[in-house]
Amino acid sequence: MGSKADRPVEVGEPAPDFELTANTGETWRLSDHRGSVVALLFYPGDETLVCTKQLCSVREHWEDYLQTKAVVIGVSPGSPEEHSAFSEHHQLPIQLLADEDRSVTELYGSHWLFPTFFMRSIVIVDAKGIVRTRRSMLRAFRPTDRSVLAAIYAARGDALYGAW
């Protein structure tokens, strides 16, 4: 079950809750992770050249991601079974969520000019549930792990400074 909206979520706004099925078969809800920074990696498709490179790069830098203490999740329109096969094939350490109707991708990753199937997006939600980073790019490009990690740490900093 996804979520529909008239416009994409913006930085500084509360992150709308959603639930999707993970490659493990479990239901994953954003609200279940309140209190943790969540990194949502929206990618166009399993077993495609750039997406595979992106997620394998996350695997190669997994220790760096673990050090952030963030919940790191992949989101794509494939089915849970397709995600499971993709994850097993590439030994991916992150859960992959099935956004089969693209409703969550539309909400979080849409671009004003291009349709979502041309795009990939990175969204970082802080521990209080506020969107801190939202970057969309054409599907032929991918974010560097360094830029994603920096955005995660920035979101952690926002939460820390808010506690002072």
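Gly157 is found in helix α5, where helices (H or I, at least four residues) and strands (E, at least two) are DSSP runs numbered from the N terminus. The structure is a predicted model, in which local features need pLDDT of at least 70 and side-chain atom pairs count only at pLDDT 80 or more, while totals for chains, interfaces and linings use all residues. Residues are numbered from 1 along each chain as its sequence is written, and side-chain values use heavy atoms, with hydrogens and water left out. With a relative accessible area of 14%, Gly157 is buried, a term that stands for under 20% relative accessible area, whereas exposed stands for over 50% and partly exposed for values in between (1.4 Å probe, protein chains only). Although Gly157 and Asp126 are 31 residues apart along the chain, their C-alpha atoms are separated by 9.1 Å.

Helix α5 also takes part in the largest nonpolar core, to which it gives the most, with 5 residues. A nonpolar core is here a set of buried Ala, Val, Leu, Ile, Met, Phe, Trp, Tyr and Cys residues joined through side-chain atoms within 4.5 Å. The largest of these has 23 residues, and those with the most contacts inside it are Tyr65, Ile94, Ile124 and Ile152. Two or more residues each are given to this core by β3 (38–42), α1 (49–60), α2 (62–67), β6 (119–125) and α5 (145–162). When residues up to four places away in sequence are not counted, Tyr65 touches Val58, Ala70, Val72, Asp145, Val148, Leu149 and Ile152, contact being defined as heavy atoms within 4.5 Å. A second, separate core of 20 residues includes Ala15, Leu30, Val104 and Val123. In soluble globular proteins, nonpolar side chains tend to be buried together.

Thr133, which lies in strand β7 (residues 131–138), counts as buried at 15% relative accessibility. Once its neighbours within four places in sequence are left aside, Thr133 is in contact with Val11, Ile122, Val123, Ile124 and Ala151.

Strand β1 (residues 19–22) pairs with strand β2 (residues 27–29) in the antiparallel sense over 3 bridges, two strands being paired if DSSP finds at least two bridges between them. These two strands, β1 and β2, form a hairpin with 4 residues between them, and Gly25 in the turn has a positive phi of about 95°. Strand β1 also runs antiparallel to strand β5 (residues 95–98), to which 2 bridges join it. Thr21 accordingly appears in both pairings, standing opposite Thr27 in β2 and opposite Ala98 in β5.

The count of salt bridges comes to 4, a salt bridge being a side-chain nitrogen of Lys or Arg within 4 Å of a carboxyl oxygen of Asp or Glu. One of them joins Glu19 and Arg29, whose closest N and O atoms are 2.9 Å apart; this pair links distant parts of the chain, with Glu19 in strand β1 and Arg29 in strand β2, 10 residues apart. Arg29, which is partly exposed with a relative accessible area of 31%, also meets Asp32 in a salt bridge between side chains (3.6 Å, N to O), and Glu19, Arg29 and Asp32 are thus linked in a network of salt bridges. A further salt bridge is formed by the side chains of Asp126 and Arg132 (2.7 Å, N to O). Of these two residues, Asp126 counts as buried at 3% relative accessibility, while Arg132 is partly exposed, with a relative accessible area of 32%.
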